[in-house]
Every structure is written in structure tokens, then in C-alpha cells.
Amino acid sequence: MPSARGRNLTFTEEARRAQLVDVTIQLVAEHGYAATSLGRIAESAGITKAGVLYHFPSKQALVSAAHAQVVSRVVAEVGAAVEAAGPAEAPAAYIRTMISHLHDHPHHVRMLIEAVTSTQPAVDSAERWRVVADLLATARDARGIAGELDLRSAALILGGGIDSIVAESLRDPAYDASAAAELLVGLVENGLLS
């Protein structure tokens, strides 16, 4: 991977960058963006602030890299599950895997929220709902379901359900997010895909 300086990174530099990204995810999730300083990141990583700046030109660049890594991990896991499920079962795989991943990685949820609300440009909501709308449309086609469906609204409702289940599981560790995911799958199956 090329560095900001235009040369390929050494194995050690790649490992240090990965460590800094992981530390940043943890600190932003635990303390919030504002309370996560370069000094705090450096201390947690066991290096100097100058060492952090050697790898990333600013706190914003490091937080952006951490945000991108979290998004990449979610997309990879959910995408693999959706692809393995096939078109007719993709919405159920999306729901189960999204809820499972975010429930199992609470730092990812908090990192996503902090990055979006504190540092990143405004998220285009259409980017998120279009993916889900496409999954629903493809599943309906694969099942031979005819008729009109407001895919945008269906996708927004589905996304809101996932967000609420994940948020509740973060607030209450005893909350059964898997059972809630199955309930949401049932609602989608019976209401949108039958």
C-alpha cells in the first residue's frame, strides 16, 4: 500500500497504521470524538504523538481511516452473507447479519455514530436505503411477487428496525437481539415478500 509520501509502506509501517486505527476505533467508541486526542491515541498505542503524525497527518485523517475500516468490515461481512443466501433470501441474510455484526461489535456502532455526527460529511441517506430497496426488489422478483411496493419507504422502515434493535441491545445487554432479528425477518417475509 502506498503511503501519503508516495512510497510503499513497510510491513512494520502497515502494522503500526493498523494498530493506530484499532486504537482509534476503541477510543472514539469509549470516549467520543472530542475526547479522543492525538495524545490519547499515542499513549494508548505506546508511541509518541509525533509517531502518530508520521503515519497520519491529522486526527481527522486517522478517524476517517478508522471509520472507513469499520464500514469495510460491515460491508464485507454483510455482503458475503447476502451473496451466499441468494436473491430470494437476501433480505433475511441482510437483517440477520447486520444485527449480528453490530451487536457483536459495539465499538463499530459507536465509531460509526461518532464519525458521522462529529467528523464526516453528511451521509446521503439514499446511499443506505437504495441498497436495501434493491435487495427487496430483487427478492420480490426472484419469488415472482408482482404488484407495486414503495421500496424507499420499505427500506427506510427496515433500516429503522435494524437501528432500533441494535440500539436497544447496546442499552440493555440482556436484550435478545437475535430473537428481535428473527421477528423483523418474519415481518419482512410476511409483509413485503409474500
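These legends accompany close-up views of a predicted model.

**View 1. The whole chain is built from helices.** The secondary structure comes to 9 helices and 0 strands. Read along the sequence, the pattern is α-α-α-α-α-α-α-α-α. Along the principal axes, the C-alpha atoms fill a box of roughly 60 × 40 × 25 Å. The chain has 194 residues, and 40% of them are buried. Take the contacts between residues at least 6 apart in sequence: 65% of these join residues at least 24 apart.

**View 2. The surface of the chain and its charges.** About 10300 Å² is exposed. Carbon and sulfur atoms supply 57% of that area. The chain carries 16 positive and 22 negative side chains. The centres of the two sets lie 9 Å apart.

**View 3. The largest nonpolar core holds 34 residues.** Tyr94, Ile95, Ile99 and Ile162 have the most contacts inside this core. Five helices are shown, and each supplies at least two core residues: helix 4 (59–85), helix 5 (90–104), helix 7 (125–142), helix 8 (151–171) and helix 9 (177–191). Helix 5 gives the most, with 8 residues. In soluble globular proteins, nonpolar side chains tend to be buried together.

**View 4. Ile95 and its partners.** Residues up to four places away in sequence are not counted here. Ile95 touches Leu158 and Ile162. Ile95 also touches Ala181, Leu184, Val185 and Val188. Ile95 is one of the residues with the most contacts inside the 34-residue core, and so is its partner Ile162. Another core lies apart from this one and has 20 residues. Among its members are Val28, Leu38, Val52 and Ala115.

**View 5. Helix 2 turns one face inward.** Helix 2 spans residues 38–45. Its residues Leu38, Ile41, Ala42 and Ala45 are buried. Seen down the helix axis, the buried residues fall within an arc of 100°, so they line one face of helix 2. Their cover includes helix 1 (11–31), helix 3 (49–55) and helix 4. Just after helix 2, Gly46 takes a positive phi of about 75°.

**View 6. Val52 is buried in helix 3.** The relative accessible area of Val52 is 0%. Its contacts, leaving aside neighbours within four places in sequence, are Leu20, Leu38, Ile41, Ala42, Ile47 and Leu62. Three of these partners, Leu38, Ile41 and Ala42, are buried residues of helix 2. Val52 and Leu38 both belong to the 20-residue core. Ala181 serves as a distant reference: Val52 and Ala181 are 129 residues apart in sequence and 40 Å apart in space, C-alpha to C-alpha.

**View 7. Glu77 sits on helix 4 and is partly exposed.** The relative accessible area of Glu77 is 33%. Glu77 touches Thr97 and His101, not counting residues up to four places away in sequence. The view also takes in Arg128. From Glu77 to Arg128 the separation is 51 residues in sequence and 16 Å in space, C-alpha to C-alpha.

**View 8. Ile145 is a buried loop residue.** Ile145 is found in the loop between helix 7 and helix 8. With a relative accessible area of 18%, Ile145 counts as buried, because the cut-off is under 20%. Leaving aside neighbours within four places in sequence, Ile145 is in contact with Arg140, Leu192, Leu193 and Ser194. Gly159 is 14 residues away from Ile145 in sequence. In space the two are 22 Å apart, C-alpha to C-alpha.

**View 9. Ser164 in helix 8.** Ser164 is partly exposed. Its relative accessible area is 46%. Ser164 and Gln60 are 104 residues apart in sequence. Their C-alpha atoms are 28 Å apart in space. Helix 8, the helix that holds Ser164, supplies at least two residues of the 34-residue core.

How values were computed. Residues numbered from 1 in each chain as written. Predicted model: local features only at pLDDT ≥ 70, side-chain atom pairs only at ≥ 80, totals over all residues. Heavy atoms only, no water. Helix = DSSP H or I, 4+ residues; strand = E, 2+ residues; numbered from the N terminus. Buried < 20%, exposed > 50% of the residue type's maximum accessible area, 1.4 Å probe, protein only. Contact = heavy atoms within 4.5 Å. Areas by Shrake-Rupley, 256 points an atom, 1.4 Å probe, with all protein chains shown as cover. Lys, Arg positive; Asp, Glu negative; His and termini not counted. Charge placed at Lys NZ, Arg CZ, Asp CG, Glu CD. Core = buried A, V, L, I, M, F, W, Y, C linked by side-chain atoms within 4.5 Å. Arc of directions from axis to C-beta.
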